[in-house]
Amino acid sequence: MSTWLVTGATGFLGRHLVRALLQRGDRVRALVRSNPSDPLPGGVELAFGDVLTEETLAPAMTGVDGVFHLAGRVQREGGRDVLFALHVDGTANVLRAMASTGVKRVIMASTSGTVACSREPIVFDDHAADAMDVVKQWPYYASKIHAEAVARRMAANLGLDLVLLRPSLLLGPEDVGGSSTEDVRRFIAGDIPVVPKGGISFLDVRDCADTFVKAMDRARPGEAYLLGAANMSLRDFFVLVANVADVEPPVAELSKRYWGVGSEMLQMAASLGIIERPERASV
């Protein structure tokens, strides 16, 4: 029976990962800053600490077989200093604590946005170059690119077995914080009548958690893996959501140039009947 430390265990993916590890009979130690308001499953050992406070990490790692490093924050705009501290400095602290306690294996959660973002429709693979020129205006993605670079460099210098996993957009149950499913909720509530052009890969959070578990056993050190499932345009996705939720489909698809004020204008036009909503697609 193995024992794993999970940072970010109280997050959307973290909770599903903890459950997947417990279900296969492993022991789980969760790094938490305080007692979770929504308790983790029974049998999880709580280790109190913070990835931003390096001296709290070594005690949490003592006696574990490996680390799942998921601690992070999903934030689309603003918060550059906070995001860089958490993703870059926090990762560096975790890896140094691993080296000091003799823990070798770490599965680190990144995001597909570090490499699989472009202005044109492209299918990316695991070896794609970083997309900094495309995502540099978004601190979340930029901080994750820097975190990956720091992790690779430190792992090589410290002799750690680092595996980077880059999930696409996660969907599924128990997203209490709305980190990934908030837009779906807003669409169903009628707050998003139009969608931007483009597409994305969607991934069930439970499948992602299972992949993290398998990666600890099977993934090659030093590799980075893109994790995705269903590739869809945003319009097709929200039409599908509309069919399932029995709500109106989006009224239009906008280019990025018109996203924002344009969506507000279209929402008003739709409410006044100036723009006719498209028919629902059959499923």
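**Figure 1. Lining of the second largest pocket, to which helix 8 gives the largest share, five residues.** The model is predicted: local features require a pLDDT of at least 70 and side-chain atom pairs count only at pLDDT 80 or more, whereas totals for chains, interfaces and linings use all residues. Residues are numbered from 1 along each chain as its sequence is written, and side-chain values use heavy atoms, with hydrogens and water left out. Helices (H or I, at least four residues) and strands (E, at least two) are DSSP runs numbered from the N terminus. A pocket is an open set of points on a 1 Å grid over the protein atoms alone, with protein on both sides within 12 Å along at least five of seven lines; a cavity is a set of points where a 1.4 Å probe fits but cannot get out, and lining residues have an atom within 4 Å of a point. The volume of the second largest pocket is about 180 Å³, a volume being the space filled by probe spheres set on the points, which are joined across faces, edges and corners. Helix 6 (182–188), strand 11 (230–233) and helix 8 (234–245) are the elements that give two or more residues to its lining. The lining residues include Leu-171, Thr-181, Val-184, Met-232, Phe-237 and Val-244.

**Figure 2. The largest cavity and its lining.** One cavity of 30 Å³ or more is found in a search of the whole structure. The volume of the largest cavity is about 30 Å³. Its lining is formed by His-69, Ala-71, His-87, Thr-91, Met-108, Ala-109, Lys-144 and Ala-147. At least two lining residues come from each of helix 3, strand 5 and helix 5.

**Figure 3. Helix 5 (residues 139–158) and the elements that its buried residues pack against.** The 20 residues of helix 5 reach 27 Å from the first C-alpha to the last, close to the expected 28 Å; the expected span is 1.5 Å times one less than the number of residues. Buried denotes under 20% relative accessible area, exposed over 50%, and partly exposed the range in between (1.4 Å probe, protein chains only). Among the buried residues of helix 5 are Tyr-140, Lys-144, Glu-148, Val-150 and Met-154. The buried residues pack against helix 3 (80–101), strand 5 (105–109), helix 4 (132–135) and strand 6 (161–167); contact means heavy atoms within 4.5 Å. Arg-153 also belongs to helix 5, but is partly exposed, at 48% relative accessible area. The C-alpha atoms of Arg-153 and Ala-92 are separated by 9.9 Å, although these residues lie 61 apart along the chain. Just after helix 5, Gly-159 adopts a positive phi of about 70 degrees.

**Figure 4. Aromatic pairs and a phenylalanine cluster.** Rings of Phe, Tyr and Trp (its six-membered ring) pair if their centres lie within 6.5 Å; planes under 30 degrees apart count as stacked, over 60 as edge-to-face and the rest as tilted. By this rule there are six aromatic pairs. One of them joins Trp-138 and Tyr-141 in an edge-to-face arrangement, with 6.2 Å between centres and 75 degrees between planes. Trp-138 is partly exposed at 29% relative accessibility, as is Tyr-141 at 25%. Elsewhere, ring pairs link Phe-187, Phe-202, Phe-237 and Phe-238 into a cluster.

**Figure 5. Helix 1 (residues 12–23) and its surroundings.** The end C-alpha atoms of helix 1 are 17 Å apart, in agreement with the 16 Å expected for twelve residues. Nine of the twelve residues are buried, so helix 1 is largely enclosed by the rest of the structure. Phe-12, Arg-15, His-16 and Leu-21 are among these buried residues. Their cover includes strand 1 (3–7), strand 2 (27–32), strand 4 (66–69), strand 7 (169–171) and helix 7 (205–218). Gly-25, which follows helix 1, has a positive phi near 95 degrees.

**Figure 6. Two loop residues, Glu-174 and Asp-246, with positive phi.** Most residues other than glycine have a negative phi. Glu-174, in the loop between strand 7 and helix 6, has a positive phi of about 70 degrees and is partly exposed, with a relative accessible area of 40%. Asp-246, in the loop between helix 8 and strand 12 (252–254), has a positive phi of about 60 degrees and is exposed, with a relative accessible area of 55%.
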